[in-house]
Amino acid sequence: MASDSDEENVAVVLDVGSYHLSYGMSGDDIPKFSKLATATKDDTNNGQAPVYKAKLVDKERINEIIKMAVEDLGVQPEDKFLLMSNPASMSMEDKMSLCEIVFESFTFPGFLTLSESTLGLYSTGRSSGLCLDVGHTMTTVVPVYEGYPLTGCPSVITSPISGLQLDELLKKLNPKLAGLDSVAMTAVKKQLCQVAENEPTMIPEYEMTDFVLPDESKVSVGNETKRASEFLFSPHYFGIKSPGCHEMIYNSLHKVDPDGHKEIIENVLPMGGTTRMQGFAKRLQLELLGVLDYEFNVIDQSPAEKEHMSWIGGSVCGELTTFEQMWIFRSEFEEEGVERICKKKFMF
């Protein structure tokens with residue numbers, strides 16, 4: 001496993017999501033490369049995101065991304081381990097597919113895949129907590145106890161609430177946004193969207209203003225940037241049948257063994273690009289005060305820290321001996337086969 005004293009065992013850390021991917025070396029503070037999940041080696045974005053709604057939908061694309069990471073980082077796979085993130089609700093079958101790709105297509109001597117929830121917590125220096133991951137295609141609430149996501153019990157809650165759904169809602173509220181791509185919509189959400197401190201009874205109309213997009217074109221925006229974000233907490237207002245983010249946390253927590261409540265609820269961690277919106281953490285704190293009757297803490301990381309939370313956690317975990325027994329070695333894969341060794345190592 002990677003350690004500060006053994007340079008040869010430094011791991012390549014690869015975080016692949018439905019919208020974004022990052023890669024670099026364990027022990028570093030930030031990834032060396034950060035791109036759209038559709039990015040290709042020729043710097044175009046015409047590839048397919050390999051993961052969609054926690055499912056591995058394109059194995060060949062994963063192969064291409066690993067190859068791109070190795071080439072961009074200038075490393076020899078036989079000299080490095082590979083640590084990859086995975087969605088908390090990804091199936092064991094898909095994790096086994098990742099393992100097969102790594103060992104059958106590359107020469108890495110060791111491989112480990114860890115839940116984005118586990119990695120997110122480790123990026124904050126914690127090993128237990130409750131992760132609210134508002135991703136590009138879905139939202140997942142996952143309790144994590146001492147580094148282990150409790151994915152085998154009903155406490156894992158999923159919802160169709162997502163960054164992509166927020167894009168669609170913004171476009172519905174303001175047809176002028178209809179032609180914008182995902183990069184432009186990300187800029188709109190990141191710079192303009194705000195979450196009201198309390199559930200608004202009415203958001204006043206205000207004059208449309210021009211917003212400069214990443215390609216330097218302009219688009220007119222109005223109060224949809226305030227109205228749309230309310231669906232994260234009150235989706236029923238928009239005809240979406242799903243509990244709000246605070247209700248998902250409540251539902252998840254009450255399916256956890258009470259003995260683990262204290263350690264888990266002490267650290268509520270919002271993850272995912274959508275949670276970077278101004279006012280999100282404060283609103284979540286206030287909403288949870290209304291449904292929880294014990295002390296809790298919402299961890300409000302800076303926007304820069306939220307940008308690469310899973311990757312940073314992977315960089316930390318790649319240097320820890322804590323996960324040493326979970327690494328899968330090439331010799332084990334070849335001797336025992338993918339199904340037996342994956343279930344034995346219990347990849348999270």
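How many bridges join β1 to strand β6, and do the two run parallel or antiparallel? Four bridges join them, and the strands run parallel. The close-up views below start from this pair; please keep in mind that the model is predicted.

**View 1. Strand β1 and its two partners.**
Welcome to β1, which spans residues 11-16. Along one flank, β1 is linked to β6 (residues 81-86) in parallel fashion, and V13 stands opposite L83 of β6. β1 also pairs with β2 (residues 20-25), this time through five bridges and in an antiparallel manner. Here D15 is the residue that stands opposite S22 in β2. To pass from β1 to β2, follow the hairpin, which joins them through three residues.

**View 2. The two faces of β1.**
Which residues of β1 point one way, and which the other way? A11, V13 and D15 share one direction, while V12, L14 and V16 point the other way. Both sets are buried. In total, six of the six residues in β1 are buried, making this a mostly covered strand.

**View 3. The whole sheet around β1.**
Step back a little and you will find six strands in an open sheet, ordered β3-β2-β1-β6-β7-β15, with mixed pairing. The edges belong to β3 (33-36) and β15; each has a single partner strand, so one side of each is left without a neighbour in the sheet. At the β15 end, strand β7 (residues 110-115) meets β15 through two bridges, and the pair runs antiparallel. Look for G110 there, opposite F329 in β15. Helix α2 lies across β6, β7 and β15, and runs at about 150 degrees to β7.

**View 4. S18 in the loop between β1 and β2.**
S18 sits in the loop that lies between β1 and β2. Is this loop residue buried or exposed? S18 has a relative accessible area of 18%, so it counts as buried. A polar atom of the S18 side chain lies 2.9 Å from the backbone oxygen of V51. Setting aside residues up to four places away in sequence, S18 touches A37, A49, V51, Y52, K53, H136 and T137.

**View 5. Helix α13 and its buried side.**
Helix α13 covers residues 338-345, and its buried residues are V338, I341, C342 and K345. Why do these four belong to the same side of α13? They cover an arc of only 100 degrees around the axis, which puts them on the same side of the helix. On the other side of α13 you will meet R340 and K344, which are exposed. The buried residues of α13 pack against α2 (92-105), β15 (328-329) and α12 (330-336).

**View 6. M96 of helix α2, beside E339.**
M96 has its place in helix α2. With 11% relative accessibility, M96 counts as buried. Although M96 and E339 are 243 residues apart along the chain, their C-alpha atoms are separated by 6.7 Å.

**View 7. Cysteines without disulfides.**
How many disulfides does the count give? The count comes to zero. C99 is in no disulfide: its nearest cysteine sulfur belongs to C342, 4.0 Å away, whereas a disulfide needs the two sulfur atoms to lie within 2.5 Å. C99 has 0% relative accessibility and so counts as buried. C317 is farther from any bond partner: its closest cysteine sulfur, in C131, is 12 Å away, too far for a bond. C317 is buried too, with a relative accessible area of 0%.

**View 8. Helix α4 and the loop that follows.**
In helix α4 (residues 163-173), the buried residues are G163, Q165, L166, D167, L169 and L170. Among the elements that cover them are α5 (182-192) and α6 (224-227). Between α4 and α5 there is a loop, and K176 is found in it. Unlike the buried residues of the helix, K176 is exposed, with a relative accessible area of 54%. Leaving aside neighbours within four places in sequence, K176 is in contact with M208, V219 and S220. The C-alpha atoms of K176 and V219 are separated by 6.9 Å, while the two residues are 43 residues apart along the chain.

Definitions and conventions
Residues numbered from 1 in each chain as written. Predicted model: local features only at pLDDT ≥ 70, side-chain atom pairs only at ≥ 80, totals over all residues. Heavy atoms only, no water. Buried < 20%, exposed > 50% of the residue type's maximum accessible area, 1.4 Å probe, protein only. Pairing = 2+ DSSP bridges. Arc of directions from axis to C-beta. Contact = heavy atoms within 4.5 Å. Axes fitted to C-alpha atoms, helices over the stretch in contact; angles between N-to-C directions. Polar contact = N/O pair within 3.5 Å; in protein donor to acceptor, adjacent residues only side chain to side chain.
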